[in-house]
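Okay, thanks for coming, everyone. I'll put the structure up and then walk through it piece by piece.

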Amino acid sequence: MAYVDGYLIPVPPGKIDAYKTMAEEMAPKFKEWGALRVVESVEDDCPEGKQNDFHTAVLAENGEKTIFSWVEWPDKETRDAGWKAMEEWMQDQPHQEPPFDGKRMIYGGFSPIVDQ
């Protein structure tokens, strides 16, 4: 079974296009490093919850949209090697401010239990 990295990211108003551009630039890199699939999606129907929801999970501020993303890898070993390659590649890149607050990004690696 595959391995999945998942992300939930708050993006300020007016920065969705910048986020999309960044994501379009990174997706081929992830695939070069072994990813099978890269999906980036912006909220379209995220109702406000009574106790929790996507917005409160990332402490979204007024007007921010949540991005829900995942990268599918063939296995955890490929994912770990891909992340190592990305970190090495990032060291050689000029520093650019991301179009979101990385401190409020939620991310993690997941082993699928159902895949149909």
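**Around Thr 66**

Let's start with one residue and its surroundings. Leaving out anything up to four places away in sequence, Thr 66 touches Leu 8, Ile 9, Ser 41, Val 42, Glu 43, Cys 46, Phe 54, His 55 and Val 58. Before we go on, keep in mind that this is a predicted model.

So where does Thr 66 sit? You'll find Thr 66 in strand E3. And is Thr 66 buried or exposed? With a relative accessible area of 2%, Thr 66 is buried, because the cut-off for that is under 20%.

Okay, zooming out to the sheet. What is the strand order? We've got an open sheet of four strands, E2-E3-E1-E4, and the pairing is antiparallel. At the edges are strand E2, residues 37–42, and strand E4, residues 106–110, and each of those pairs on one side only. Ignoring direction, neighbouring strands in this sheet are turned by 10 degrees against each other on average.

A quick reminder on the chemistry: strands of a sheet pair through backbone hydrogen bonds, either parallel or antiparallel.

Now the register, for anyone who wants to click along. E2 and strand E3, which covers residues 65–73, run antiparallel and are joined by six bridges. Within E3, Ser 69 stands opposite Glu 40, and Phe 68 is the bridge partner of Ser 41. How many bridges are there between E1 and E3? Nine, and that pair is antiparallel too. Over there, Gly 6 stands opposite Trp 70 in E3.

Next up, the helices. Helix H1, residues 16–32, lies across E2, E3 and strand E1, which is residues 3–11, and H1 runs at about 170 degrees to E2. Helix H3, residues 76–91, packs on the sheet as well, touching E1, E3 and E4, and its direction makes about 45 degrees with that of E1.

How do H1 and H3 meet each other? Their axes come within 9 Å and cross at roughly 130 degrees. H1 and H3 are therefore oblique to each other, since an angle over 145 would be needed to call them roughly antiparallel. As for handedness, H1 passes H3 in a right-handed crossing.

And which side chains should you look at there? On the H1 side we have Met 26, Lys 29 and Phe 30, and they meet Trp 83, Met 86 and Trp 89 in H3. Sorted by class, that contact has five nonpolar residues, no polar ones and one charged one.

Two more residues and I'm done. Leu 59 is in the loop between helix H2, residues 54–57, and E3. Its phi is positive, about 55 degrees, although Leu 59 is not a glycine. Leu 59 is also exposed, because its relative accessible area is 58% and the cut-off is over 50%.

Then there's Phe 110, which lies in strand E4. At 49% relative accessibility, Phe 110 counts as partly exposed. Which residues is Phe 110 in contact with, neighbours within four places in sequence aside? Those are Tyr 3, Val 4 and Gly 6, and Gly 6 is the residue we just saw opposite Trp 70. If you want a distance, the C-alpha atoms of Phe 110 and Ile 16 are separated by 26 Å, and the two residues are 94 apart along the chain.

That's the tour, thanks.

How values were computed: Residues numbered from 1 in each chain as written. Predicted model: local features only at pLDDT ≥ 70, side-chain atom pairs only at ≥ 80, totals over all residues. Heavy atoms only, no water. Pairing = 2+ DSSP bridges. Helix = DSSP H or I, 4+ residues; strand = E, 2+ residues; numbered from the N terminus. Axes fitted to C-alpha atoms, helices over the stretch in contact; angles between N-to-C directions. Contact = heavy atoms within 4.5 Å. Parallel < 35°, antiparallel > 145°, perpendicular 65-115°, else oblique. Left-handed = near helix turned anticlockwise from the far one by under 90°. Nonpolar A, V, L, I, M, F, W, Y, C, P; charged D, E, K, R; others polar. Buried < 20%, exposed > 50% of the residue type's maximum accessible area, 1.4 Å probe, protein only.
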